[in-house]
Amino acid sequence: MEKVNTLFKVNEGGPLEVTGNFRVVNSGGKIIENKEPVYLCRCGGSSNKPYCDGSHNRNGFSI
Amino acid sequence: MSDPRNRQYTNGEITVFWVPSKCIHATTCFRELIEVFNPGRRPWINMEGAPTRKIIEVTNKCPTQAIVWKQNTDLSEEERANLRQTVREEENPETLATPTGRSEEPVNETTKPTRIKPTNVRIMKDGPIVVEGQFKAIGGDNRELKPTTMTSFCRCGNSRSMPYCDGTHRKIGFTE
């Protein structure tokens, strides 16, 4: 897997950290972000979705 | 050996095969053709909902081949027999705890283009993060997760197969 160009780190109780060569697109196919790193909300509670805003620290998200 | 959860549906002309273990909840099918692919209904595939041409078009867009189709004239004996079977309890892509991340065929590096495309990170509306490309995923303990070129990560916080999507977002009414 030497050709891997993007890394996703699933932070326990926190966001999905994306680094490397990638682009974030919305469901309409529009590129909304392509600079690293990006922290994507995994807890469902962010007020700034799809990005993390630290809500996981307040809503008890732990997995 | 086929999975007992697999299903097949026909309109007399073509048959659509549903392989839940391959589904990563990319939601392409029902966003494009809810008349046929409706996870809220049982059975979840209604072959009378659209013309054959349209069903083929959307089925071909499934990124993981969790849904595939065949002309009825091309069905095997076993597939023909399955069509006559009474459909048991229905399952659909939004209620199954689906193992995500499918195993890939070994990649022949010499036939691959040298330039790698950026990994596509798609934010599905009210749904998961669908990832496609040459990537690696690691857990909080830095251990590498199952290698794949396509998967979907939970965004609603409630999946039972974390960190992957299992369709729970729909049950809990997750919205942006």
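**Exercise 1.** Over the ring of which residue does the charged end of Arg170(B) sit?

*Solution.* The model is predicted. In it, the charged end of Arg170(B) sits over the ring of Phe30(B), 5.9 Å from the ring centre.

**Exercise 2.** Classify the ring pair Trp18(B) and Trp44(B), and place both residues in the chain.

*Solution.* Step 1: the search of the whole structure gives five aromatic pairs over all chains. Step 2: for Trp18(B) and Trp44(B) the ring centres are 5.0 Å apart and the planes stand at 70 degrees, so this pair is edge-to-face. Step 3: Trp18(B) belongs to strand β2 (residues 14–18) of chain B, while Trp44(B) is in the loop between α1 (28–32) and α2 (52–59) of chain B; the two are 26 residues apart. Step 4: both Trp18(B) and Trp44(B) are buried.

**Exercise 3.** Do the same for Phe153(B) and Tyr164(B), then name the cluster they belong to.

*Solution.* Step 1: the ring centres of Phe153(B) and Tyr164(B) are 5.9 Å apart with planes at 20 degrees, so the pair is stacked. Step 2: Phe153(B) is in strand β7 (residues 150–153) of chain B and Tyr164(B) in the loop between β7 and α4 (168–172) of chain B, so the pair ties together parts 11 residues apart in sequence. Step 3: Phe153(B) and Tyr164(B) are buried. Step 4: with Phe8(A) and Phe135(B), they form one aromatic cluster.

**Exercise 4.** Describe the interface between chain A and chain B.

*Solution.* Step 1: 28 residues of chain A contact 37 residues of chain B. Step 2: the chains bury about 2700 Å² between them, 62% of it on carbon and sulfur atoms. Step 3: the count of salt bridges between chain A and chain B is zero, whereas 18 residue pairs are in polar contact. Step 4: on the side of chain A that touches chain B, β1(A) gives the largest share, five residues.

How values were computed
Residues numbered from 1 in each chain as written. Chains lettered and ligands numbered in written order. Predicted model: local features only at pLDDT ≥ 70, side-chain atom pairs only at ≥ 80, totals over all residues. Heavy atoms only, no water. Phe/Tyr/Trp six-rings, centres within 6.5 Å; stacked < 30°, edge-to-face > 60°. Helix = DSSP H or I, 4+ residues; strand = E, 2+ residues; numbered from the N terminus. Buried < 20%, exposed > 50% of the residue type's maximum accessible area, 1.4 Å probe, protein only. Lys NZ or Arg CZ within 6 Å of the ring centre and 35° of its normal. Contact = heavy atoms within 4.5 Å. Buried area = accessible area lost by both parts, 1.4 Å probe. Salt bridge = Lys/Arg side-chain N within 4 Å of Asp/Glu carboxyl O. Polar contact = N/O pair within 3.5 Å; in protein donor to acceptor, adjacent residues only side chain to side chain.
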